[in-house]
Amino acid sequence: MKKIGILTSGGDAPGMNAAIHSIVTTASVHNIECIGFERGYNGLIDNATCALPLAKVKHISHLGGTILKSARCPKMLEDRYRQQAITSLNSNSLDGLIVIGGDGSFQGAHLLSLLTDIPIIGVPGTIDNDIDGSDFTIGFDTAANTALDAIDKVRDTADAFERIFIVEVMGRHSGQLAVNIGVAAEAEQILCPEMNIEPHQIVQTVTAHINAYLKVNGHASYIIVAAEKTYPDGASALAEMLTKQIGIDCRACVLGHLQRGGMASCADRTLATKLGAFAVDSLVNGAKSVMSGEVNNQLVLTKLVDTGLGKKKIDPYLLDLYKNKLSL
Ligand SMILES: Nc1ncnc2c1ncn2[C@@H]1O[C@H](COP(=O)(O)OP(=O)(O)O)[C@@H](O)[C@H]1O
Ligand SMILES: O=P(O)(O)OC[C@H]1O[C@](O)(COP(=O)(O)O)[C@@H](O)[C@@H]1O
């Protein structure tokens, strides 16, 4: 194995740069040269490459974002562009490709791997922590801490005004961020798909809970941590509805993309470093079409095609604790 390519795809996540650093450093120990494809699969399709010498990846592990840029790339859904991506892999004489991204990126990588013998390996990078085959994904810890820091600040003003706040956190399809952040912030209410509240029942359910809570606690702050898209009309619309129903000011605070930025936490940097190195070692040992992950402190490989099955559940003890004790 002489030369491998690296790309970052989908939502960027703090720690992606630590993964790039680890991949290039580990590859150099095996005397393997690395190149990068820029802007996710767009760079692969357009053959937009950059050299990745050791000097270029030194001291980048703390940086948010990704030095290779990331993007979504609808062209990957079309067979002719996936063929073009393979042409690009061949024209660069690559012996392997490492894709750092989420489950969507891995579905793309799986389809590419059906068209080539060049081995492709995934490294899980997404703040959503919604990938099967790794207990945690690179970026989740940093994003959760960023959101928590923001909610602690919201709590100050919520307390001062005895207001209700809806804080919307990311996670389109998964409540991993919402539940972990909500519990850590002592949120009075958590809204995400795993709470099994039908969208049309949200206003009624939350209103009843707030009224019961205020009866016991008197005037008090009340924070709802909501995963994005849980309330179909959005956090601001929900805030308006609750203000009308309860007669107390309710404000919405959408944390949005600030959760994706910032310096990667120690946990994300060490996870990224391990998973990046394991991906390279696995490539050298002949692995293909798999993702490098960590389960129960063991490094494991999972077929790319199995990383998006949606089997990963929120920690059942934490969920049960919230539902049956903390939220009463
Ligand atoms: N089913 C698919 N087939 C081919 N490529 C895909 C597929 N799903 C996603 N991709 C590629 O991966 C990119 C990132 O996927 P996306 O789901 O947006 O983010 P993530 O990888 O973080 O989950 C997409 O823009 C597309 O290029
Ligand atoms: O930046 P965009 O394209 O608006 O995407 C926002 C989405 O990306 C994420 O930050 C990460 O999702 P992916 O890892 O699936 O790309 C989600 O939490 C959020 O819903």
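This passage describes the salt bridges, the surroundings of two ligands and a loop residue in a predicted model.

Residues are numbered from 1 along each chain as its sequence is written, and chains are lettered from A and ligands numbered from 1 in the order in which they are written. Because the model is predicted, local features need pLDDT of at least 70 and side-chain atom pairs count only at pLDDT 80 or more, whereas totals for chains, interfaces and linings use all residues, and side-chain values rest on heavy atoms, with hydrogens and water left out.

Side chains of opposite charge can pair when their charged atoms come close. With a salt bridge taken as a side-chain nitrogen of Lys or Arg within 4 Å of a carboxyl oxygen of Asp or Glu, a search of the whole structure finds 8 salt bridges. Helices (H or I, at least four residues) and strands (E, at least two) are DSSP runs, numbered from the N terminus. Burial is expressed as relative accessible area, under 20% being buried, over 50% exposed and values in between partly exposed (1.4 Å probe, protein chains only).

One of the salt bridges joins the side chains of R82 and D79, with an N to O distance of 3.8 Å. Both residues belong to helix α4 (residues 79-91), where they are 3 residues apart, about one turn of the helix. R82 is buried, with a relative accessible area of 12%, while D79 is partly exposed at 41%. The C-alpha atom of D79 is separated by 9.1 Å from that of L111, although the two residues are 32 residues apart along the chain.

A second pairing within a helix is formed by D149 and K153, whose side chains meet in a salt bridge at 2.9 Å, N to O. These residues both lie in helix α6 (residues 140-161), 4 residues apart and thus about one turn of the helix. D149 counts as partly exposed at 42% relative accessibility, and K153 counts as exposed at 51%.

In the salt bridge between K274 and E294, the closest N and O atoms are 2.7 Å apart. K274 lies in helix α10 (residues 266-284) and E294 in strand β10 (residues 290-295), so the pair ties together parts that are 20 residues apart in sequence. Of these partners, K274 is partly exposed at 37% relative accessibility, whereas E294 is buried at 11%. In addition, R163, D249 and R251 are linked in a network of salt bridges.

The ligand surroundings were examined with a residue counted as near a molecule if one of its heavy atoms lies within 4 Å of it. Around ligand 1 there are 15 such residues, of which R72, C73, G102, G104 and S105 come nearest. Helix α5 (residues 103-113) gives the most to this shell, with 6 residues. A polar contact is a pair of N or O atoms within 3.5 Å; within protein, one atom must be able to donate a hydrogen and the other to accept it, and residues adjacent in sequence count only if both atoms are side-chain atoms. A polar backbone atom of C73 is 2.6 Å from an oxygen atom of ligand 1, and a polar backbone atom of G104 is 3.1 Å from an oxygen atom of this ligand. D103 contributes through its side chain, a polar atom of which lies 3.3 Å from an oxygen atom of ligand 1. The protein covers 80% of the 540 Å² of accessible area that ligand 1 has on its own.

The residues around ligand 2 include G10, G11, R72, T126, D128, H257 and R260. Polar side-chain atoms lie at 2.8 Å from an oxygen atom of ligand 2 for R72, at 2.6 Å for T126 and at 2.9 Å for R260. For ligand 2, the protein covers 80% of the 480 Å² of accessible area that the ligand has on its own, areas being computed by the Shrake-Rupley method with a 1.4 Å probe, and for residues only the protein chains shown count as cover.

T66 is placed in the loop between α3 (54-57) and α4. This residue is buried, with a relative accessible area of 13%, and its side chain reaches the backbone nitrogen of L68 at 3.0 Å.
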